[in-house]
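Student: Before we look at the charged side chains, could you go through how each label is earned?

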Amino acid sequence: MTIYTWIGIGIIVGEGLVLLLFKMYCPLTVLARRYSDSERHNFDIFLPEWLARYNKVIFTSLFLLGLALVLYQRFA
């Protein structure tokens, strides 16, 4: 494990704080909604509808799993 591991973790945690600040929406999505009438989850991203709808749950779960593995490796 290097300092880059912890920097990466910090960046992802920072991104989570930004999402919390913007009520779980990406700030760019908030901006894009001003210029679109679409209500679809994937109107501003090239992902399938189901993945765009649940991306925060899916990728947060993967991040937490990875974080648990990093912490296990570090402290075990």
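Tutor: A salt bridge is a side-chain nitrogen of Lys or Arg within 4 Å of a carboxyl oxygen of Asp or Glu. This is a predicted model, in which local features need pLDDT of at least 70 and side-chain atom pairs count only at pLDDT 80 or more, while totals for chains, interfaces and linings use all residues. Residues are numbered from 1 along each chain as its sequence is written, and side-chain values use heavy atoms, with hydrogens and water left out.

Student: Why is the contact of Arg-40 and Glu-49 called a salt bridge?

Tutor: Their side chains meet at 3.5 Å, N to O, and the limit is 4 Å, so the term applies.

Student: What makes Arg-40, Glu-49 and Arg-53 a network?

Tutor: Arg-53 and Glu-49 also meet in a salt bridge, at 3.3 Å, N to O, and salt bridges thus link Arg-40, Glu-49 and Arg-53. A search of the whole structure finds two salt bridges. Arg-53 and Glu-49 both lie in helix α3, four residues apart, about one turn of the helix; a helix here is a DSSP run of H or I with at least four residues.

Student: Why is Glu-49 called partly exposed?

Tutor: Buried means under 20% relative accessible area and exposed over 50%, with partly exposed in between (1.4 Å probe, protein chains only). Glu-49 has a relative accessible area of 21%, so Glu-49 counts as partly exposed.

Student: How do you know which class Arg-40 and Arg-53 belong to?

Tutor: Arg-40 has 49% relative accessibility and therefore counts as partly exposed, and Arg-53, at 40%, is likewise partly exposed.

Notes
Helices (H or I, at least four residues) and strands (E, at least two) are DSSP runs, numbered from the N terminus.
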